[in-house]
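Reader: I am new to this structure and would like one part of it examined closely, together with whatever surrounds that part. Please take your time and explain each term when it comes up.

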Amino acid sequence: MVLRIYCWLLWLYPGSHRDKFGEEMTCVFREARSTVAPALTAKISFYRREFCGLLFGALRAHFERPFGPDIPFWRFYMQPEFRFPRSTVLLMLLIFAAVVLAIAEASSVAGDMSGSAWRSLVSLLLVMLLAMCTAAAVIWGILHARRRSGVYRLQNVHS
Amino acid sequence: METFALSEPVLLVLLSLAEQPRHGYSILKDVESMSNSRVLLSTGTLYGALQRLLYNGWIERLEEHNSPRDRRTYRLTSRGRRNLQMEIQRMRHLTKVAGLRMARKEA
């Protein structure tokens, strides 16, 4: 059963990677699984590591196709000293809440929408998008002027 | 030295192959043993690293007639060995500097 899930997850990899390493990876997984300690915690840890590694590896393999093996932004992963600022967590929570609210609101109004309502909604969304892009550009400009933008943070990471 | 981000797992994979050619499972176990079970590679991580090292020509896959498709052996190339030696040299220098700095701080 677990081996079947593993083989199924291998389909997340690009075809070329799967053809080259698929059989080997399955074989190594089978061997590694047979030597895991019988304790439940050891098994959980092993499967968590394997499946997370597989998902992460598949994601990376897809990025490697256009960018090559040395993906520029993947260096975040390679740089243990890099930490996202704490405010990122709050920002991400806010964005997540906004997305959930927007989905709930959209599903409630989706039922009784006429053609003109759709047009006004599209124009409203376009205006909102434009406003958000402008706000983002202004904020980035301020951060860049104060030397606190991502460009400077990256320079600090690599130096 | 070539610009190639050497993470700890990649370094351990290279060190494992520096001793002798190995197949996937053997590398996995050797890395675990070298790091006193601190670095436990998943197959996804291992084959991602092997793919990048193959692409950069640091290792090569041995084509043996009698080896099954699911048990291929990998070997360090001369280019890989040279780069590994330079990385070790860099680490040795760093350790020396760290030792000196710590000694100066304690004195």
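Author: A place to begin is B:S37, which sits in the loop between α2 and α3 of chain B; helices (H or I, at least four residues) and strands (E, at least two) are DSSP runs, numbered from the N terminus. What is shown is a predicted model, in which local features need pLDDT of at least 70 and side-chain atom pairs count only at pLDDT 80 or more, whereas totals for chains, interfaces and linings use all residues. Residues are numbered from 1 along each chain as its sequence is written, while chains are lettered from A and ligands numbered from 1 in the order in which they are written.

Although B:S37 is not a glycine, its phi is positive, near 65 degrees. Most residues other than glycine have a negative phi. B:N36, which is not a glycine either, has a positive phi of about 50 degrees, and B:N36 too belongs to the loop between α2 and α3 of chain B. A residue is called buried if 20 or more other C-beta atoms, placed from the backbone, lie within 10 Å of its own, exposed if 12 or fewer do, and partly exposed in between. B:S37 has 9 C-beta neighbours inside 10 Å and therefore counts as exposed, and B:N36, with 7 such neighbours inside 10 Å, counts as exposed as well.

The helices on either side of this loop lead to the other chain. α2(A) and α2(B) pack with their axes 9 Å apart and at an angle of about 50 degrees; the axes are lines fitted to C-alpha atoms, for helices over the stretch in contact, and angles run from 0 to 180 degrees between N-to-C directions. This angle makes α2(A) oblique to α2(B), because angles under 35 degrees count as roughly parallel, over 145 as roughly antiparallel, 65 to 115 as roughly perpendicular and the rest as oblique. On the side of α2(A) the contact is made by A:E24, A:V28, A:E31 and A:A32, and on the side of α2(B) by B:G24, B:Y25 and B:L28, where two residues are in contact if their C-beta atoms, placed from the backbone, lie within 7 Å. By class, the residues of the contact of α2(A) with α2(B) are four nonpolar, one polar and two charged; Ala, Val, Leu, Ile, Met, Phe, Trp, Tyr, Cys and Pro count as nonpolar, Asp, Glu, Lys and Arg as charged, and the others, Gly among them, as polar.

On the other side of the loop, the axes of α3(B) and α2(A) come within 10 Å and cross at roughly 140 degrees, and these two helices are therefore oblique to each other. Here A:H17, A:F21, A:M25, A:V28, A:F29 and A:A32 in α2(A) meet B:T43, B:Y47 and B:Q51 in α3(B). The residues of the contact of α2(A) with α3(B) comprise six nonpolar, three polar and no charged.

B:L28 helps to connect these pieces: leaving aside neighbours within four places in sequence, B:L28 is in contact with A:V28 and A:A32 as well as with B:L41 and B:L46. B:L28 is also among the residues with the most contacts inside the largest nonpolar core, alongside B:V13, B:L46, B:L50 and B:I59, and this core has 28 residues; such a core is a set of buried Ala, Val, Leu, Ile, Met, Phe, Trp, Tyr and Cys residues joined through C-beta atoms within 7 Å. At least two residues of this core come from each of α2 and α3 of chain A and from each of α1 (8-19), α2 (24-34), α3 (43-55) and β3 (73-76) of chain B.

In the meeting of the two chains as a whole, 23 residues of chain A are in contact with 21 residues of chain B. α2(A) gives the most to the side of chain A that touches chain B, with eleven residues. That side has eleven nonpolar, four polar and eight charged residues.

As for the chain that holds the loop, chain B has four helices and three strands, and from the N terminus on its elements run α-β-α-α-β-β-α. Buried residues make up 25% of the 107 residues in chain B. Chain A, by contrast, has seven helices and zero strands, and buried residues make up 9% of its 159 residues.
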